[in-house]
Amino acid sequence: MAREARTVNPDRAESTETTGTRQSRRGFGGYNKTVQGLNQTTFRVEDDSEVIVFLEPENFTYALRHWVKFIGENGQQQTRVEYCLEDECPLCDIGDRPKPTAFFNVVDLANPNKVLVWEATADPTNAIQKEFNKLAKRGQTLDAEGIYWVVSREKGRNGFFTYSIDKLTEEDLVAEWPSLKPITSAQRTALSQRLYGEDYVTFKDRDELVEFVDSLG
Ligand SMILES: [Zn+2]
């Protein structure tokens, strides 16, 4: 699958902490997840649900993105994801409609020492924003200590995923997710030094996008 172009700072993608007591390593499930985790910088809901922590009270940036479908050299349909230039964008010019994405620094508790970016499209962003608003009324924030979030997705009849996020207290986490451990203050401090910032989104030159549009024929 084509992923969007971005710069990855390897310093921030690595973790130096150990995870403590080991879980069972029997079977391919954990193996595959670990292999994937080695290069992954984006948060994805791989199973039905994941438990995460937000590392900041809100998204650190947002952008519009184009998902351009085209037939590749191998004759197969491909999707290329490009950031929209917003102003005089060659992809907008050919009628492709960009979709908004909000970017959040999160930790997946299955891999608790690594900062991941949740590139949240409109549907999950709406779900997150609802919780953000509920918390704000009580003077709380998404990244409050002791708050965890179960992120679930479900494929709708239209083929798109619908996301929901549900708040968990630390007690809920311990009781309902025995394989996961709460994030400690020390872990949180270490993670907060490796947050991604606005430079996570790198825009291509207009000429490069024009070239891509020309290649589409
Ligand atoms: Zn555009």
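**Strands, core and helix α4 in a predicted model**

Strands β6 and β7 form a hairpin in which 5 residues lie between the two strands, and G159 in the turn has a positive phi of about 90 degrees. The structure described here is a predicted model. The two strands of the hairpin run antiparallel and are joined by 9 bridges. Within this pairing, Y148 stands opposite L168 in β7. Strand β6 also has a partner in β1, with which it pairs in the antiparallel sense over 4 bridges. Here E50 has V151 of β6 as its bridge partner.

Attention turns next to the nonpolar interior. In soluble globular proteins, nonpolar side chains tend to be buried together. The largest nonpolar core of this model has 34 residues, and the members that touch the most others are I52, V53, F104, V106, V107 and V117. Four elements give two or more residues to this core, namely β1 (49–54), β4 (99–108), β5 (116–121) and β6 (147–155). Among these, β4 provides the largest share, with 5 residues. V106 offers a helpful view of the surroundings: leaving aside neighbours within four places in sequence, V106 is in contact with F43, I52, V53, F54, L55, L116 and W118.

Helix α4 comes next. This helix covers residues 122–137, and its 16 residues, at 1.5 Å a residue, should span 22 Å; the end C-alpha atoms are 23 Å apart, which agrees with that expectation. P124, T125 and I128 of α4 are buried. Because these three cover an arc of only 95 degrees around the axis, they lie on the same side of α4. The buried residues of the helix pack against β4, β5 and β7 (161–169). The other side of α4 presents a contrasting set, as A122, N126, K130, N133, K134 and K137 are exposed there. Just after the helix, G139 takes a positive phi of about 70 degrees.

The loop between β3 and α3 also deserves a look for its backbone angles. Most residues other than glycine have a negative phi, and most peptide bonds are trans. Two glutamates in this model depart from that tendency in phi. E86, placed in the loop between β3 (77–83) and α3, has a positive phi near 70 degrees although this residue is not glycine. E88 is found in the loop between β3 and α3 as well, and its phi, near 50 degrees, is again a positive value in a residue other than glycine. E86 counts as exposed because it has 11 C-beta neighbours inside 10 Å, where the cut-off for exposure is 12 or fewer. E88 has 8 other C-beta atoms within 10 Å and is therefore exposed too.

Helix α3 (residues 90–93) contains C92. With 17 other C-beta atoms within 10 Å, C92 is partly exposed, since a residue needs 20 or more to be buried. Leaving aside neighbours within four places in sequence, C92 is in contact with C84 and P98. C92 can also be related to H66, which is 26 residues apart from it along the chain; the C-alpha atoms of these two residues are separated by 8.4 Å.

Conventions. Residues are numbered from 1 along each chain as its sequence is written. This is a predicted model: local features need pLDDT of at least 70, side-chain atom pairs count only at pLDDT 80 or more; totals for chains, interfaces and linings use all residues. A nonpolar core is a set of buried Ala, Val, Leu, Ile, Met, Phe, Trp, Tyr and Cys residues joined through C-beta atoms within 7 Å. Two residues are in contact if their C-beta atoms, placed from the backbone, lie within 7 Å. The expected span of a helix is 1.5 Å times one less than its number of residues. The arc is that of the directions from the helix axis to the C-beta atoms. Two strands pair if DSSP finds at least two bridges between them.
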